[in-house]
Structures are given as structure tokens and as C-alpha cells.
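Please open the structure in your viewer and keep the selection tool at hand. We will go from stop to stop, selecting a few residues each time and asking what is there.

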Amino acid sequence: MNNQKQQKPTLTGQRFKTRKRDEKERFDPTQFQESIVQGLNQTGTDLEAVAKFLDASGAKLDYRRYAETLFDILVAGGMLAPGGTLSDDMTRTEFCLFTAQEDLETMQAYAQVFNKLIRRYKYLEKGFEEEIKKLLLFLKGFTESERNKLAMLTGILLANGNISASILNSLYNENLVKEGVSAAFAVKLFKSWINEKDINSVASMLRKVGMDNRLMELFPANKRSYEHFSKYFTDAGLKELSDFARNQQSIGARKELQKELQEQMNRGDPQKEIIAYTKEEMKKGNLSEQAMISIIWTSVMSCVEWNKKEELVTEQAIKHLKLYSPLLKAFTSQGLSELSLLLKIQEYCYDNIHFMKAFQKIVVLLYKADVLSEEAILKWYTEAHVAKGKSVFLEQMKKFVEWLKNAEEGN
């Protein structure tokens, strides 16, 4: 028993020494870099051969450990020091992204090399995304041509879904923004991205990572206006991006307006004041009456804690809408605005299950309060309704519509 106990420290000591030796090898990328550089020098500009070489080398070289070194070499020809300069003491290759031809076709071919490599070695995915983020922070250390190539490549990679749009956060670095590097880079990036896909795909990816409302931040604070953004990107041939930004700005302004209206209602501000404020904002934001009535309806319905019981919620809704009918009336002076309101009511009653039986009573109330005309109700009934809850709501409205038609014939 004693002998066994004495042997244990010796065995542990041997294992510990092996680990220490491994530790040294783990953080020495020199040999790895030499192998990759040598292989790239042999394959030259034949990107098909480069892809095959990288595929085969993954079985012999430790890509997991030296992912950053590998991507540095493929992009810049050697290991990058902080700031984006090449490390002096290391072997380099002239066959890399930064020395390639500056055109979209060449960049697409390079994107294929990265795509094949990451598809083959899935564990490189995260490291590759980190590499792109880092390269974007190093932009000032690169030449204009190098930045252009990196921008085109990044746009293609984003379009192909090889990296997430969250990497664009790096472009909001204060120094890059201040010196105009971010905006210039964004032009090349979005051009190649839209060229591969379209503006809808770009918009969808930006929304997914919450960057659809941050495009203005590519410019310094004193130039952060839609007018400047629009001119800059339209002049660069990216009108679709400029239109997208305007749309986003408009959505943001509408959300703010809705929030403000809700607060005014919660405070119990006089409706005359609310109407005057809303008309002023409508003029300022160049909003149509149809757009305005949708915002008002949402604000009116959001400033109440609704009862969860179906039989009580209708009564509560009628009382509440009766109170705010002057506000709704002030923004339904056109037939199209009345139809917009009817559609909002239909969608609201469908989306909020407790309101399903309240639809007809709400419409009748607003008809009596002169918010909705019989023409608008009949048009909605015969052709302008949407699919949401259509059969239920048309059935509810049947008798009232018959009454309206008879009254019309009588007149």
C-alpha cells in the first residue's frame, strides 16, 4: 500500500513535464506560417490549387490552434501586428488577397476559397468571423486598394451567409468614422453585397442583427443627417441603400410619434392639444392622413389596460373609443383614411382574440360619431377588407350593411 502511494508523485511529475512541453509548441506559429507560406508560393495564383492545398493541409497542420495566423496569411500574406502592419520577422507570401487584382470577379474567387475551407473545417467559422472583425478595426493600417479588396470580399461573404452582419459593428469605431474610412469602406462593401443578392436581402440581414437603424453612424456626428447620407450613397451609385435608410428613418420617427401620443393620452392632455400637436408632426414628417390614422389608432388602443374577459372588453372599448372619437375624426377627412382605419380595426380585432366579437360594435360606434362614412363601410364590406378574420367580421356586419343599403335606397 505504501509503495503504491510513493509511486504516484513520480507518475504525476512525468505527465506535468509532457504538458509543459506541449505548452511551448502551442504558442509558436513560426513553423505553421512557414508551411502555409511555402504551400501558397508553390500554388501561386491558381486559386483552385490553393483551395486543394488548404483542404489537404488541414489534416497535417493545426488549423484550430493557428486559425488567426492562417487567415492573416490568406488575407495579408503574413502575420499582422496590432494596427494592421505585417510582422517583420516572419516569412511572407506574395500570393494573398491584398496582392490580388482589384476586381469583383477575383474577389468572388477568393470568397470561394474561404467558403470551401470553412465548409471543410466547420470549427474555423467563429475564428473567421473574429478575423474579419479584427481586419475592419485595422483598416487605417491598409492601403486604399487593400481596403477596397477587403470591402468587396466582405460584401460577398455577407451575401453568401459566411459571416454575420454583426461584424459591421467594427466600422463604428470612432477613429475610422472620423476619418471617413468607414463610409468609404461601406460603399464598396454594400455594392458587392447588393450585386450578389439585392437590397431586400441586405435589409433583412441588417434587421436580424439590429443594425438597420444604425447606418447613419457611419458618419461623424456633425454629418449624421439623412440628407448627407442620401447624397453620399446616391452619388456613389447606391440609391437603393439611401432609400432604405430613408424608410428606416421614417419608421423610427413614426414609432417616436406613437410613443409621444400615448404619453399625452396617459397624462390626460386635452384632445384639442393632441390634435394640434399631431397635425404639426404630420406636416413636419410629411406624413399622409392614412399613415397618421394608423399611428393614432395604435396609440389610442395602447394607452389602456384591457380587460381579459370578452364580455367586459367590448363595453370598455366602446367607452374608450367614444372618448377618443374626436381625435379619430380629425384625421379621417378622406375616404382612403377611413378605409385605412377600418383595416386597422379589422387587424386589431383579429390579432387580439378578446376583441373578435367587438368589431361590429366598434364600427357602428365610429359610424354614429361621424368618424366612418357609409361609403367607406360598404366599400370595406364588398371589396376592401383583408383576409384576417374575414368570414367572422363580414358575418357580424351583414345586418348593419343591409340596413345601410336600405337607408341609402330609401334616400
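**First stop: helix α10**

Begin by selecting residues 199-208, which form helix α10, and colour I199, V202, A203, M205 and L206, since these are the residues of the helix to look at as buried. If you look down the axis of α10, the buried residues fall within an arc of 165°, so they line one face of the helix. The reason for such a pattern is general: an α-helix has 3.6 residues a turn, so residues three or four places apart point the same way. Keep in mind, as you look, that this is a predicted model.

Now turn to the face of α10 that points away from the buried side, where you will find the exposed residues N200 and K208. What covers the buried residues of α10? Select α7 (144-159), α9 (181-196) and α12 (239-267), which are included in that cover.

Next, look at the two ends of α10. At its start, select D198 and find the side-chain oxygen that reaches to within 3.0 Å of the backbone nitrogen of N200. After the helix comes G210, which has a positive phi, near 65°.

**Second stop: the cores**

Which residues touch the most other members of the largest nonpolar core? Select F190 and W193, which do so in a core of 80 residues. The largest share of this core, nine residues, is supplied by α9. Leaving out residues up to four places away in sequence, F190 touches V202, L206, L215, L238 and L241, and two names in that list, V202 and L206, are already familiar as buried residues of α10. Apart from this core lies another, made of 52 residues, and you can find it by selecting M292, V313, F393 and L394, which are among its members.

**Third stop: α12 and α13**

Select α12 again, together with helix α13 (residues 271-284), and note that the two pack at an angle of about 170°, with their axes 11 Å apart. That angle makes α12 roughly antiparallel to α13. To see where the helices meet, show L257, E260, L261, Q264 and M265 in α12, and then I274, Y277, T278 and E281 in α13.

**Last stop: Q42**

Finally, select Q42, which lies in helix α2 (residues 30-43). Is Q42 buried or exposed? Q42 is exposed, with a relative accessible area of 63%. If you add K379 to the selection, you will have two residues that are 337 residues apart in sequence and 74 Å apart in space, C-alpha to C-alpha, from Q42 to K379.

Definitions and conventions: Residues numbered from 1 in each chain as written. Predicted model: local features only at pLDDT ≥ 70, side-chain atom pairs only at ≥ 80, totals over all residues. Heavy atoms only, no water. Buried < 20%, exposed > 50% of the residue type's maximum accessible area, 1.4 Å probe, protein only. Helix = DSSP H or I, 4+ residues; strand = E, 2+ residues; numbered from the N terminus. Arc of directions from axis to C-beta. Contact = heavy atoms within 4.5 Å. Polar contact = N/O pair within 3.5 Å; in protein donor to acceptor, adjacent residues only side chain to side chain. Core = buried A, V, L, I, M, F, W, Y, C linked by side-chain atoms within 4.5 Å. Axes fitted to C-alpha atoms, helices over the stretch in contact; angles between N-to-C directions. Parallel < 35°, antiparallel > 145°, perpendicular 65-115°, else oblique.
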